[in-house]
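The following report describes selected features of a molecular structure. Please consult the sequence and the coordinates alongside the text.

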Amino acid sequence: MRKENDPFFSDKENWMRHINMENKNEMKALVFDIQSFSTHDGPGIRSNIFFKGCPLTCLWCANPEGQKAVPQLFYTKMKCVGCMLCAKVCPHDAVTAYETKEEAEAFGFVRHDREKCDNCETHDCVEMCLQNALDITGKWMTVDDIMEKVHRDASYYAGKGGITLSGGDPLVYADFVTELLRRCKSEGINTVLESELCVPARSLEKVMPYIDLYLTDIKIIDDQKHIEMTGVTNKQILENLRLIGRTCPEKACLRCPIIPGCTDSDENIHAIGKFCKENGFARVNILPYHKLGTTKHERLGSVYPLPDVQAPSDEQMQHVADILESYKIDCIIN
């Protein structure tokens with residue numbers, strides 16, 4: 001299980017002071033992206049809001065910048081010319097130069113002490129960088145800030161689209177998200193929640209009256225294997241899925257990422273099929289592994305954990321679909 005000195009827990013004090021304010025208009029959540037005109041995560045044209053902070057650290061995560069609940073430095077080595085102006089303005093001595101040509105080609109001209117960078121409140125280096133090689137991922141926003149973006153996009157929803165809350169995990173900010181969803185539903189805006197559901201049941205219960213569709217992963221049924229691959233137990237996740245199954249299974253579309261060597265064993269797929277059948281879930285999207293998170297890990301100064309894993313073949317994906325369909329589940333290869 002995750003330890004108290006792990007990154008997600010160490011960030012809690014930082015973001016809790018933003019999200020626990022009594023005035024709902026002053027509550028803030030950390031957002032790392034808002035994508036307009038999305039057509040993938042829910043019906044119609046949607047505004048996708050990506051929240052920063054997640055209890056899980058999945059080895060194959062496509063959005064590693066969504067894991068830590070603090071603003072983080074993005075470094076694009078291809079843009080860096082090694083001028084070292086960033087080092088001159090850094091108040092924490094967090095920037096040093098690589099000394100060899102081989103290191104510079106592999107990692108860029110500079111190295112960053114990521115612990116110091118994550119704790120920096122000013123990020124003077126970003127403004128100083130003339131090549132735009134530095135950026136910050138993560139911005140504290142109020143409900144009003146997000147609603148302004150939603151209203152800007154609303155004319156494109158055409159009665160079918162709406163907002164999708166993604167991440168990271170939106171339910172890290174349960175009170176904030178509840179107010180945001182309430183505001184959207186009061187204006188007739190369709191709502192989709194994309195969450196790992198690794199939160200107390202009370203956090204899920206707060207948002208349930210305002211959700212039109214749940215998009216949530218079901219990765220691994222065996223708890224020990226789940227801990228090895230995601231960093232956390234799946235007990236709370238499965239309990240929350242059972243809650244949705246008891247109350248509104250028709251609103252749920254479960255998604256199963258097929259990661260060779262991690263989630264794709266026949267034993268695991270049969271266990272997922274059995275769980276879905278027992279809890280009333282009639283549809284599952286199976287998602288083939290991809291490496292979209294690789295360059296983001298590089299920009300965060302971290303190492304991608306699965307460099308040698310390859311995407312499953314069409315035959316492998318069909319095999320998974322065949323197993324799930326044997327449990328009378330509508331299975332889509334996405």
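Is Cys83 buried, partly exposed or exposed? In this predicted model, Cys83 counts as partly exposed because its relative accessibility is 41%.

**Cysteines**

The structure holds 0 disulfides. A disulfide is a covalent bond between the sulfur atoms of two cysteines. For Cys83, the closest cysteine sulfur is that of Cys86, at 6.2 Å, which is too far for a bond. Cys248 is likewise in no disulfide, the nearest cysteine sulfur being that of Cys253, 13 Å away. Cys248 has a relative accessible area of 8% and is therefore buried.

**The sheet**

An open sheet is formed by 9 strands, in the order β7-β1-β2-β8-β9-β10-β11-β12-β13, with mixed pairing. Its edge strands, each pairing on one side only, are β7 (139-142) and β13 (330-333). Direction ignored, neighbouring strands of this sheet are turned by 30 degrees against each other on average. Helix α14 (residues 314-325) packs on the sheet and touches β11 (252-258), β12 (283-288) and β13. The direction of α14 makes about 165 degrees with that of β12.

Strand β9 pairs in the parallel sense with β8 (residues 162-167) over 4 bridges and with β10 in the parallel sense over 3 bridges. Leu165 stands opposite Leu193 in β9, while Val192 stands opposite Leu213 in β10.

In a regular strand the side chains alternate between the two faces of the sheet. In β10, Leu213, Leu215 and Asp217 lie on one side, Tyr214 and Thr216 lie on the other, and all are buried. Strand β10 (residues 213-217) is largely enclosed by the rest of the structure, because 5 of its 5 residues are buried.

**Thr191 and helix α8**

Thr191 lies in strand β9 (residues 190-194). Thr191 counts as buried because its relative accessibility is 0%. Beyond residues up to four places away in sequence, Thr191 touches Arg46, Ile163, Leu181, Cys184, Lys185, Tyr210, Ile211, Asp212 and Leu213.

Two of these contacts, Leu181 and Cys184, are among the buried residues of helix α8. The others listed as buried in that helix are Ala174, Phe176, Val177, Thr178, Glu179, Leu180 and Arg183. Helix α8 (residues 174-186) has 13 residues and should span 18 Å at 1.5 Å a residue; its end C-alpha atoms are 18 Å apart, which agrees. After α8 comes Gly188, whose phi is positive, near 75 degrees.

**Tyr289**

Tyr289 is found in the loop between β12 and α13 (294-300). At 4% relative accessibility, Tyr289 counts as buried. Leaving aside neighbours within four places in sequence, Tyr289 is in contact with Trp60, Ile258, Ile259, Pro260, Tyr304, Leu306, Val309, Gln310, Ala311 and Pro312. With respect to Glu99, Tyr289 is 190 residues away in sequence and 36 Å away in space, C-alpha to C-alpha.

Both Thr191 and Tyr289 take part in short-range polar pairs, tabulated below.| First partner | Second partner | Distance |
|---|---|---|
| Thr191, polar side-chain atom | Tyr210, backbone oxygen | 2.5 Å |
| Tyr289, side chain | Tyr304, side chain | 2.7 Å |

Tyr210 and Tyr304 also appear among the contacts of Thr191 and Tyr289, respectively.

Definitions and conventions:
Residues numbered from 1 in each chain as written. Predicted model: local features only at pLDDT ≥ 70, side-chain atom pairs only at ≥ 80, totals over all residues. Heavy atoms only, no water. Helix = DSSP H or I, 4+ residues; strand = E, 2+ residues; numbered from the N terminus. Buried < 20%, exposed > 50% of the residue type's maximum accessible area, 1.4 Å probe, protein only. Polar contact = N/O pair within 3.5 Å; in protein donor to acceptor, adjacent residues only side chain to side chain. Contact = heavy atoms within 4.5 Å. Expected span 1.5 Å × (residues − 1). Disulfide = S-S within 2.5 Å. Pairing = 2+ DSSP bridges. Axes fitted to C-alpha atoms, helices over the stretch in contact; angles between N-to-C directions.
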